[in-house]
Structure formats: structure tokens, C-alpha cells
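Reader: I would like a close look at a single part of this protein, set within a description of the whole. Please state the criteria behind each term.

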Amino acid sequence: FSSQTSSHSRLLLCTWEQDFAPEDLSLPNGTPVDTSSPASSSSLLNRLQLDDDLDGETRDLFVTVDDPKKHICTMETYITYRVTTKTTRAEFDLPEYSIRRRYQDFDWLRNKLEESQPTHLIPPLPEKFVMKGVVDRFSEEFVETRRKALDKFLKRIADHPVLSFNEHFNVFLTAKDLNAYKKQGMALLSKMGESVKYVTGSYKLRSRPLEFAAVGDYLDTFVLKLGTIDRIAQRIIKEELEYLVELREYGPVYSTWGGLEVELAEPLEGVSACIGNCCTALEELSDDMTEDFLPVLREYILYSESMKNVLKKRDQVQAEYEAKLEAVALKKEERPKMPADVEKCQDRVECFNADLKADMERWQNNKRQDFRQLLMGMADKNIQYYEKCLTAWESIIPLLQDKPETK
């Protein structure tokens with residue numbers, strides 16, 4: 001089984017290298033690809049990540065989330081994160097900011113972006129609530145997973161050509177206290193946000209344009225596939241952890257046995273140590289799956305739901321436009337030109353279409369890059385796991401081989 005899985009992982013690596021390495025055997029950033037078999041797949045992953053920051057010189061806004069801290073108050077306990085901003089943009093008074101934000105502040109930002117930029121795809125936040133008794137939301141592992149998700153959330157906004165200039169985003173990155181801004185409520189909504197917000201559900205769309213219908217069908221299938229992978233991956237992790245419990249009980253048995261067999265003590269101790277090394281390798285593999293693999297799947301499931309919501313908003317605006325056109329057509333008197341409100345509604349539809357297409361293309365590009373790194377990382381971690389197990393078992397072979405009897 002181990003050799004089959006290892007071969008499968010290596011095959012996966014080769015397949016992805018063929019798909020993403022150009023014919024001249026170089027990566028997209030021009031780095032030549034070494035076709036020889038490396039001692040470890042880590043070198044492949046490192047070379048793949050060299051082109052992550054190719055556009056770094058052209059960017060003028062950098063945001064990071066780090067340093068989580070636990071706060072215990074009389075009424076509640078919560079975690080805050082340090083948000084550091086470095087920028088050369090003129091709309092910022094200072095070149096660098098460092099403030100602390102809690103989860104509900106990130107949630108406030110996302111709601112404001114949805115209200116003021118209804119035609120754009122807003123990146124998702126990690127789920128606020130966890131199942132009681134299943135995950136400790138103050139555990140080091142959970143806090144770190146959330147920190148990574150919040151960091152990615154802000155980076156996606158900072159890299160967006162429209163959202164990064166939003167006034168609410170500026171406030172979030174620079175204001176020492178958000179409470180004053182939170183109390184302003186609807187005052188900062190843009191005109192486009194108000195127009196879309198007050199579109200009622202009384203308008204019925206005739207039919208979604210083919211290109212957007214295809215997007216909707218794709219998202220339905222995409223979410224279904226990711227959900228299936230997520231469920232199976234969780235079962236695999238659960239089975240690995242159960243297997244890990246058995247291994248931890250299994251190894252010491254050999255050590256105990258070695259205490260009773262003087263002549264076999266050394267090889268039995270070797271087997272016990274070998275199993276212990278395999279336990280460590282399996283634990284690392286399970287942690288990587290939990291901390292790196294599953295969060296990406298869940299983020300893109302949430303991302304797809306966000307895209308579906310934007311599609312629904314687009315449909316509402318188009319339905320309103322179609323209803324206005326029908327109302328004009330029913331009036332018998334001739335009009336020299338289209339009424340102003342109909343033209344405005346048409347502009348909103350065209351704006352929605354253009355913004356949604358641009359964001360969909362950006363989302364697809366991010367998705368390809370994220371899943372390429374995700375699968376390369378998964379292949380890399382599996383190969384490392386089996387290499388560690390192989391090394392552990394090979395190390396005890398000399399102890400198990402027959403030795404010539406001494407006279």
C-alpha cells in the first residue's frame with residue numbers, strides 16, 4: 001500500500017509539472033526545471049513558489065495579519081489580530097499603519113464592501129461559529145488557522161483594483177477605533193449600493209444570459225465537487241488519527257518484549273523506535289491536511305456562494321431593466337428617446353456585467369494558482385511522509401540481518 005501511494009504521489013507531481021512547465025523546461029518566471037529526480041520533492045515546491053511575488057514591484061499596498069492576542073474581559077473573551085499596512089498611495093496620510101482588529105471588525109468591513117460595491121465579488125471570511133465541543137475557538141491551532149484566513153481575506157482586497165480603493169477599507173486599515181464609523185450605519189453607502197439594495201423581489205427575470213447561466217451551472221458543480229472532496233478528506237484525517245492512536249500503542253509493545261528477550265532486545269528496540277518515527281511522520285501529515293488543505297477547500301466553497309450572491313444581484317437589476325422596458329413598450333404614445341430611468345437601469349446592468357466578468361476572470365486566475373500550489377503541496381507532503389517511513393524501516397534492516405556467530 002505504501003509503495004502504491006508513494007508512486008501515485010510521484011505521478012501526481014509529474015503530471016502537474018508537465019501541465020505547468022513550458023515546453024522549454026522552465027517555470028513561468030523563467031527558472032529552468034531540473035529533470036533529474038530530486039532527493040526530496042521539496043525542491044520542486046520551492047521552485048514553484050518563486051513566481052509568487054513577480055508583481056511585487058508594481059504593488060503599492062501591502063497588508064499582513066499576525067500576532068493574535070487573547071483578551072479576557074468581564075463580559076466576554078475574544079481574540080484580536082495585528083493588522084499592518086505599508087503603502088505609497090496618496091490617499092493614506094502615513095506610509096505605515098499598525099492597528100488591532102477582532103473578527104467582528106473584519107465582518108463589519110466585508111458587510112460595508114458588499115453594500116458599497118454590490119457589483120463586485122467580495123472575498124469570503126472564515127465561518128464565525130464552530131460546533132460546540134468539536135473545536136476550541138481559543139486553541140492555538142484554531143486561532144492560527146483563522147489568522148491565515150483573515151490575512152488572505154485582506155490580501156485579496158488589497159490586490160483588487162477597485163475594492164482596495166474603497167473608503168471603508170481605508171478606514172479599517174487606519175482608524176484606531178472603528179466604533180465611531182460603525183455607528184454611521186447607512187450614511188456612507190454609495191448611490192450604486194442604494195439603488196441595488198432597494199431593488200425588490202417583485203421583478204422576475206425572463207432568462208439569465210447564456211454566459212452568466214454557464215457561470216451559475218459551473219459554480220453549482222464546483223461547490224458539489226469541493227464538498228465531496230472536503231467530506232472524504234475529513235474522513236481520511238479521522239481514520240489517520242485513529243490509526244495513529246493504534247500505532248502509539250503498538251510500538252511500545254516491542255520495547256516491552258525486548259526486555260524479556262535479551263538476544264532480541266536490540267532489534268526489537270529498533271522496531272519500536274521505527275514505529276515511533278512513523279507516528280511522528282503521520283502526525284505531521286495529518287496536521288498539514290488539517291491546517292493547509294481543508295481551509296482552502298472551505299474558502300472556495302464560501303467564495304462560490306459569494307459569487308452566486310453577486311449573480312443574483314445582477315439578475316435583479318436585469319429584471320428591473322426588463323420590466324421598465326416592457327412598461328415603456330406598453331405605452332402607445334411615441335417617445336423620441338428612451339426615458340432617463342430606463343437608461344440608468346441599463347447602465348447599471350452593463351456596469352454589473354462588466355464588473356462581474358472582470359472579477360470572475362480574476363477569481364479563476366487565483367483559483368488556478370491556489371489549487372496548483374495546494375495539490376503540489378499535498379503531493380510534496382505525502383512524498384515526505386513515505387520517505388520518512390522508508391528511511392525509518394531501512395535503518396533497522398542491519399539490526400535484523402543475521403550476524404556471524406563469534407567463536
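Author: The overall fold comes before the part examined closely, a lysine, and two further sites follow.

The model is predicted, so local features are given only at pLDDT of at least 70 and side-chain atom pairs only at pLDDT 80 or more, while totals for chains, interfaces and linings use all residues. Residues are numbered from 1 along each chain as its sequence is written, and side-chain values use heavy atoms, with hydrogens and water left out.

The protein has 11 helices and three strands; helices (H or I, at least four residues) and strands (E, at least two) are DSSP runs numbered from the N terminus. Along the sequence the order is α-α-β-β-β-α-α-α-α-α-α-α-α-α. Of the 407 residues, 41% are buried, where buried means under 20% relative accessible area, exposed over 50%, and partly exposed in between (1.4 Å probe, protein chains only). The accessible surface comes to about 24,200 Å², and carbon and sulfur atoms account for 54% of it; such areas come from the Shrake-Rupley method with a 1.4 Å probe, and for residues only the protein chains shown count as cover. Among contacts (heavy atoms within 4.5 Å) between residues at least 6 apart in sequence, 73% join residues at least 24 apart.

The close look concerns Lys 155, which belongs to helix α4 (residues 140-158). Lys 155 counts as partly exposed because its relative accessibility is 27%. Beyond its neighbours within four places in sequence, Lys 155 is in contact with Val 63 and Thr 64. Its side chain reaches the backbone oxygen of Val 63 at 2.8 Å. The C-alpha atom of Lys 155 is also 9.1 Å from that of Leu 61, although 94 residues separate the two along the chain.

A second site includes Trp 257 in helix α8 (residues 210-258). With a relative accessibility of 40%, Trp 257 is likewise partly exposed. Together with Leu 260 and Leu 264, Trp 257 forms a nonpolar surface patch with about 330 Å² of accessible area. Patches consist of residues with over 30% relative accessible area and no salt bridge (a side-chain nitrogen of Lys or Arg within 4 Å of a carboxyl oxygen of Asp or Glu); like charges are joined within 9 Å, and nonpolar side chains (Val, Leu, Ile, Met, Phe, Trp, Tyr) within 5 Å.

The last site is Ser 272, in helix α9 (residues 265-330). Ser 272 is buried, since its relative accessible area is 15%. Leaving out residues up to four places away in sequence, Ser 272 touches Gly 251, Pro 252, Tyr 254 and Ser 255.

Key:
Polar contact = N/O pair within 3.5 Å; in protein donor to acceptor, adjacent residues only side chain to side chain.
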